[in-house]
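Work through the exercises below with the sequence and the structure side by side. Try each task before reading its solution.

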Amino acid sequence: MSPVGVELVTGDLDAAADFYAGLLGWTCTAGADGLTAHADGVAAARLRRGPAPATWWTVLGAADAGQVRASAERAGAHVDGDEVRDPLGAGFRLRAGTTPVAAGPGRPSWYEYMTGDPATADRFLADALGLRATVPPGAPDDSYALLGAGGPPVAGRLALPPPLRDLLPAGWMVYFAVADPDDTAERARQRGGRVLVPASDVATGRVCALADPAGAVFTVIRPARAGG
């Protein structure tokens, strides 16, 4: 079980395609149920038309999606088709046998579950999804944890401090890889987006949280180099 990609649900596909083309270098191709965005010729995301508010959905892949749905319901989630809303109200898509999006510029590079109630979140993630939270060695506290199922970490879990709870939605957050988060933030602003959290350096790299013109929230990251 791990995040394998993202889908944007928004009211204006053409406007979204134009915004992200200018921001992340995407090209989009039309399909029967929306658009597929590509970065450097590699599929990066799906874009679908839907009601407000515009939202970036993280897609989780499972070998046995039916079993995970049952586990999620037992853990208190509401399940409607491939849409799952956990007991804290955070939503994600659940799919079977989905190949992860290849990391790279303009594509999902990391995922985090953001919450104001880390204890409840950790319990659901472990019981329903088999993702257990482990605090990184040397961390000053348990506000940030890595999520994994016995192998390498597949995502993070961040306990949102009070100042960020008013700025960022709780739930799954996608991080798109970019060369320069500061420049990306300025270009997002020029194209009608908003900077929610200015660029800063964290353990995983340099990050900046943004909202597109329709309000969908995402983060851009210049990943930290391995070993330094």
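**Exercise 1.** Which residues does W56 touch, not counting residues up to four places away in sequence?

*Solution.* The model is a predicted one. Step 1: set the cut-off, since contact means heavy atoms within 4.5 Å. Step 2: leave out the residues up to four places away from W56 in sequence. Step 3: read off the contacts of W56, which are V6, E7, L8, Y20, W26, A45, R46, V174, F176, A216, V217 and F218.

**Exercise 2.** Find the members of the largest nonpolar core that touch the most other members, and the helix that gives the most to this core.

*Solution.* Step 1: the largest nonpolar core has 50 residues. Step 2: Y20, W26, L47, W56, W172 and F218 are the ones that touch the most other members. Step 3: helix α1, residues 13-24, gives the most to this core, with 7 residues. Step 4: a second, separate core holds 15 residues, including W110, M114, V207 and A211.

**Exercise 3.** Give the strand order of the open sheet that contains β1, and name its edge strands.

*Solution.* Step 1: the order of the 8 strands is β2-β3-β4-β1-β5-β8-β7-β6, with mixed pairing. Step 2: β2 (27-31) and β6 (78-80) are the edge strands, as each pairs on one side only. Step 3: inside the sheet, β1 (residues 2-10) and β5 (residues 55-62) pair in the antiparallel sense over 7 bridges. V9 has T55 in β5 as its bridge partner. Step 4: helix α2 (residues 65-74) packs on the sheet and touches β5, β6, β7 (83-85) and β8 (91-96). The direction of α2 makes about 150° with that of β8.

**Exercise 4.** Why is one side of β10 and of β14 left without a neighbour in the sheet?

*Solution.* Step 1: write the order of this open sheet of 8 strands, β10-β11-β12-β9-β13-β16-β15-β14. Step 2: β10 (132-134) and β14 (194-202) stand at the edges with a single partner strand each, so one side of each has no neighbour in the sheet. Step 3: from one strand to the next, the twist averages 30°.

**Exercise 5.** How do β15 and β16 pair, and which helices lie on them?

*Solution.* Step 1: β15 (residues 205-211) and β16 (residues 217-223) pair in the antiparallel sense over 7 bridges. Step 2: A211 stands opposite V217 in β16. Step 3: α1 lies across β13 (171-177), β15 and β16, at about 15° to β16. Step 4: helix α5 (residues 181-190) packs on the sheet and touches β14, β15 and β16, with its direction at about 10° to that of β15.

Notes
Residues numbered from 1 in each chain as written. Predicted model: local features only at pLDDT ≥ 70, side-chain atom pairs only at ≥ 80, totals over all residues. Heavy atoms only, no water. Core = buried A, V, L, I, M, F, W, Y, C linked by side-chain atoms within 4.5 Å. Buried < 20%, exposed > 50% of the residue type's maximum accessible area, 1.4 Å probe, protein only. Helix = DSSP H or I, 4+ residues; strand = E, 2+ residues; numbered from the N terminus. Pairing = 2+ DSSP bridges. Axes fitted to C-alpha atoms, helices over the stretch in contact; angles between N-to-C directions.
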